[in-house]
Amino acid sequence: MTQETVQEAAPPPEPGPLARLLQELLPGVGFAITVTLLDETVTIGRDDFTRVMETLKGHERLRFDYLRCLSGADYLTELETVYHFYSFEHGHKLAVKVRCPYDDPHVPTVSHLWAAANWHERETHEMYGIVFDGHPDLRPLLTEEGLGYFPLRKSHPLADIEEWQEGYLSAIDEAKRQAASAGGEAAPPMSKVEIAQAKAKLMKEARDKARAEGLSPEDEKAAVRAAIDKFQEDLESGAVGGAAAPAPMSKVELAQAKAKVITKARSEARGQGMTTEDEKAFVAEAIKKFSEEQAGGGAPAAAAPKKEMSKIELAQAKAKVITKARNEARAKGMSTEDEKKFVAEALKNFSAEQDA
Amino acid sequence: MLGILKALKTTIQAAARKPVTVQYPTEKKELPHRSRGFPVLLWDFDKDEPFCTGCQVCARYCPVDCITVTMKDNPKKAAGKSKRKKIVDHFYLDYARCMRCDICVEVCNFDAIVMNNTWEGVELSRYDRQDLVLDKDALLKQSRTGRLKDPFREPMGVAHSGWSPKVEEDEEAEETNASEEGGEG
Amino acid sequence: MATIDYTIPGEHDLETLDIHVNVGPQHPATHGVFRMVLTVDGEVVTDVDPIIGYMHRGNEKLPENCDFRQAIGFHDRTDYLAQFNTEHCYVQAVEKLTGITPTERSEYIRVILAELNRITSHQMFVGAFSTDVGIFGTAFMYAFRDRELIQDFFEEITGERMMYNYFRPGGVAWDVPDNFRERCRQVIGQIKKGISDLEGLIVNNEVVLARCCGLSRMSTADAINWGVSGPLLRATGLEYDLRKAEPYSIYDRFEFDIPTGKDGDIYDRVIVRIEEMKQSVRIVEQALLRMPDGPIMAEGLKRVLRAPEGEVYMRVEGPRGEYGVYLVATGADKPYRHRVRAASFCNLSALRAMSVGNYVSDVVIILGSIDIVLGEVDR
Ligand code: SF4
Ligand code: SF4
């Protein structure tokens with residue numbers, strides 16, 4: 001049931017019959033044994049990989065002729081590939097894992113041994129960015145070409161679906177606040193719709209702008225996202241500043257806001273490829289900042305109508321910064337990872353400037 | 001040739017059977033009691049208010065995030081007409097995104113939401129997607145006008161599938177629920 | 001298969017031009033949004049490039065952001081012709097991880113529904129395939145007439161016609177109606193008649209024989225190498241069925257045969273499926289006799305289901321072959337990694353090997369005989 005990685009200090013899990021057979025047939029290869037359900041699982045190093053795989057397929061006492069599944073997995077610092085085998089001749093089954101570091105995602109292909117691996121490897125390549133050396137044709141299979149990111153990696157966020165929902169909620173909150181400042185009347189149903197519409201318009205504008213500038217889809221998304229974030233911030237700060245008597249946030253609202261801060265910080269940290277420790281620290285800092293802000297009596301008040309213009313400008317400026325940074329990075333011939341970091345850096349600088 | 005003759009025999013036999021189709025728009029098949037159309041809210045006729053307290057449990061458990069709910073203090077409570085402390089303020093359900101998984105019904109502690117088992121729950125074609133985002137009034141209409149006669153609420157369903165403990169609908173439960181929401185946020 | 005001649009165009013004596021024929025993505029013969037680019041040399045196909053992904057919805061990523069129970073609904077949407085089978089696989093994977101034992105009654109309900117679902121899926125196949133072959137319409141209508149019976153039956157139990165979302169870790173969502181047995185017997189009776197109708201139309205029908213016999217022969221070794229599973233693998237003569245080879249759930253309690261073919265050609269693939277329907281009927285009948293009363297959900301489940309650290313690759317025999325779910329849990333209420341091994345994905349990857357060297361018109365039948373479900377291929 002529990003999965004333990006083998007360490008010298010801890011008693012290693014009992015190797016199963018297959019693992020023992022493998023150790024016997026392939027002396028000198030390190031097999032880390034993992035206890036999993038249904039299948040015996042061994043983890044091998046990348047160096048021995050091809051040799052082990054050839055033995056698995058070819059050796060008469062193993063004869064794993066059926067590759068039933070090949071999966072990738074993202075463990076934040078390492079990428080893993082898992083092979084599930086079955087042998088029709090002997091009726092035994094085995095799972096083999098191999099890990100590769102994040103910045104060097106290369107694993108030798110097995111598509112010449114099992115034809116079934118062909119599509120699986122293509123899919124794993126496009127989803128996780130693991131390069132299967134020697135694969136005849138690593139075109140993307142399910143997604144379009146030139147996507148530029150790896151959807152199943154943990155650093156890749158889900159699409160904007162939550163944003164829209166949050167949009168509704170924040171629209172409702174806004175309506176409430178307006179109602180409160182207007183003297184307790186029931187919220188006019190128009191205003192919330194208006195805000196949602198304004199947001200949609202903003203998104204569209206940002207998108208069109210990005211398209212007009214000929215940004216790549218990735219940059220475009222970033223620009224739109226930036227615009228939305230800005231809008232959201234404005235809504236919040238503007239509302240706090242605009243209300244006659246800034247009512248302290250209710251417990252629920254506070255918790256929600258906090259959760260939002262945490263989520264944001266975390267996804268940012270993930271996006272920058274931080275380690276788990278750093279990520280924690282980063283999030284903690286964000287929370288601290290948030291609490292301080294709350295204690296300090298909310299964001300500084302600002303005139304709402306003036307902001308209406310500036311937020312779009314700001315989003316545009318931000319988008320420009322992103323584009324510039326990206327182009328610079330490309331011109332310098334950076335790798336994708338580095339490029340991302342570079343852009344993130346530029347954005348941070350920009351925000352710092354804005355805050356100042 | 002023999003095979004074709006055999007096939008012909010089969011078709012001739014089938015031709016003598018009664019048709020199995022119905023002339024849909026004019027003639028409608030009876031829907032089974034458990035039929036799962038899109039979710040709707042229920043109206044509490046005793047208290048003349050919705051059952052829904054706006055506790056947001058359904059919104060949190062909906063796998064596709066298509067519910068948006070907010071809660072408000074129940075004005076009827078102040079007037080002493082109802083025992084519900086909190087009541088739903090806004091309720092938006094995006095039918096275009098809903099996948100009719102029944103999860104919101106199972107997790108609701110107040111039996112406030114059910115799957116529509118009438119034809120109105122499935123005949124929902126619209127010209128504009130935005131029209132499929134229904135608000136509280138539209139969701140309550142079915143039940144309020146009495147057209148949702150006998151909704152399927154499996155009494156064991158909720159407790160048994162382990163989603164959430166079924167709590168009595170009393171003030172205590174509402175309070176714990178409300179504070180829970182605040183805590184988990 | 002063995003006779004395939006990978007002739008590279010251009011090595012002919014005469015200078016010829018490759019012609020690329022684009023089939024799909026919207027084409028009745030592709031059974032969904034699927035595109036293939038055929039390279040043809042006259043009438044003979046020399047290369048096939050299947051292009052998939054039109055229906056990719058991130059069905060592997062989404063459940064990684066949902067809790068264990070929420071993800072059941074996404075499994076309905078992978079193989080949308082065998083929803084109960086996919087749900088069965090997933091809930092078993094979760095049960096294995098969390099150590100829940102489903103109740104006896106719910107196991108029987110699951111097996112009955114999964115087997116009925118296998119029948120509907122095969123009916124769909126026979127119907128759609130016979131349109132591909134050219135017995136237009138009739139078999140399709142017959143198959144759908146009977147499929148409708150089962151779907152009505154499912155609707156009475158779960159409320160849904162397609163996306164049931166009915167199985168749960170530990171059991172099923174709610175109990176079946178009181179008249180379950182009688183209704184099931186009645187449906188089974190009609191299905192049996194329906195199967196013999198289909199048999200009458202297809203078995204030994206000259207049109208089918210002429211078009212399917214000997215076409216796209218696949219040897220067992222090739223099939224295994226390509227990761228082909230299910231009826232396609234059994235048509236090559238290998239008696240391999242996960243229900244027997246690695247009995248899961250309660251399949252070890254039932255008596256049934258594994259129908260196999262001889263040549264691995266298309267005709268065998270059809271016959272194997274028709275025979276499988278009969279075996280499924282047998283299983284359902286046995287299960288109906290033995291189904292006990294009792295609770296339908298395991299006791300003492302938590303409000304939030306958390307799985308301890310661990311991983312499992314659960315597989316079941318779906319109508320199209322091995323449907324697998326690979327779950328990695330890290331102690332949270334969500335799977336850390338959620339992978340779907342789709343049977344038609346692997347079977348489809350062998351399309352090139354199956355169709356190169358055949359005529360263009362036959363490729364449509366070959367594709368039909370794989371019985372792809374694009375929801376499962378693209379996930
Ligand atoms: S869970 Fe029930 S009571 Fe709570 S918001 Fe949803 S419908 Fe209303
Ligand atoms: S049925 Fe499912 S998808 Fe639809 S609103 Fe309820 S929880 Fe959400």
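Okay, let's start with a single residue: Arg379(C) has a relative accessibility of 2%, and under 20% is what we call buried, so this arginine counts as buried. Keep in mind that this is a predicted model. Where is Arg379(C)? You'll find it in the segment after helix H14 of chain C, the one spanning 374-378. Its phi is near 55 degrees, which is a positive value in a residue other than glycine.

Chain C also has Ser249(C), with phi near 50 degrees, again positive and again not a glycine. That serine is in the loop between helix H9 (242-245) and helix H10 (266-290).

Now over to chain B and the ligands. Ligand 2 sits in the largest cavity. It has 14 residues around it, and the closest are Cys62(B), Cys98(B), Met99(B), Cys101(B) and Cys104(B). The shell of ligand 2 splits into twelve nonpolar, no polar and two charged residues.

Ligand 1, meanwhile, sits in the second largest cavity. Around ligand 1 we have, among them, Cys52(B), Cys55(B), Cys58(B), Cys108(B) and Phe110(B). What kinds of residue make up this shell? Nine are nonpolar, three are polar, and none is charged.

Last stop, chain A. In helix H1, residues 17-25, the buried ones include Leu18(A), Ala19(A), Leu21(A) and Leu22(A). These residues cover an arc of only 160 degrees around the axis, so they lie on the same side of H1(A). And what do they pack against? In chain A, that would be strand S1 (32-35), strand S2 (40-44), helix H2 (49-58) and strand S5 (93-101).

Technical notes
Residues are numbered from 1 along each chain as its sequence is written. Chains are lettered from A and ligands numbered from 1 in the order in which they are written. This is a predicted model: local features need pLDDT of at least 70, side-chain atom pairs count only at pLDDT 80 or more; totals for chains, interfaces and linings use all residues. Side-chain values use heavy atoms; hydrogens and water are left out. A residue is near a molecule or strand if one of its heavy atoms lies within 4 Å of it. On a 1 Å grid over the protein atoms alone, a cavity is a set of points where a 1.4 Å probe fits but cannot get out, and a pocket is an open set with protein on both sides within 12 Å along at least five of seven lines; lining residues have an atom within 4 Å of a point. A molecule sits in a cavity or pocket if more than half of its atoms lie within 2 Å of its grid points. Ala, Val, Leu, Ile, Met, Phe, Trp, Tyr, Cys and Pro count as nonpolar, Asp, Glu, Lys and Arg as charged, and the others, Gly among them, as polar. Buried means under 20% relative accessible area, exposed over 50%, partly exposed in between (1.4 Å probe, protein chains only). Helices (H or I, at least four residues) and strands (E, at least two) are DSSP runs, numbered from the N terminus. The arc is that of the directions from the helix axis to the C-beta atoms. Contact means heavy atoms within 4.5 Å.
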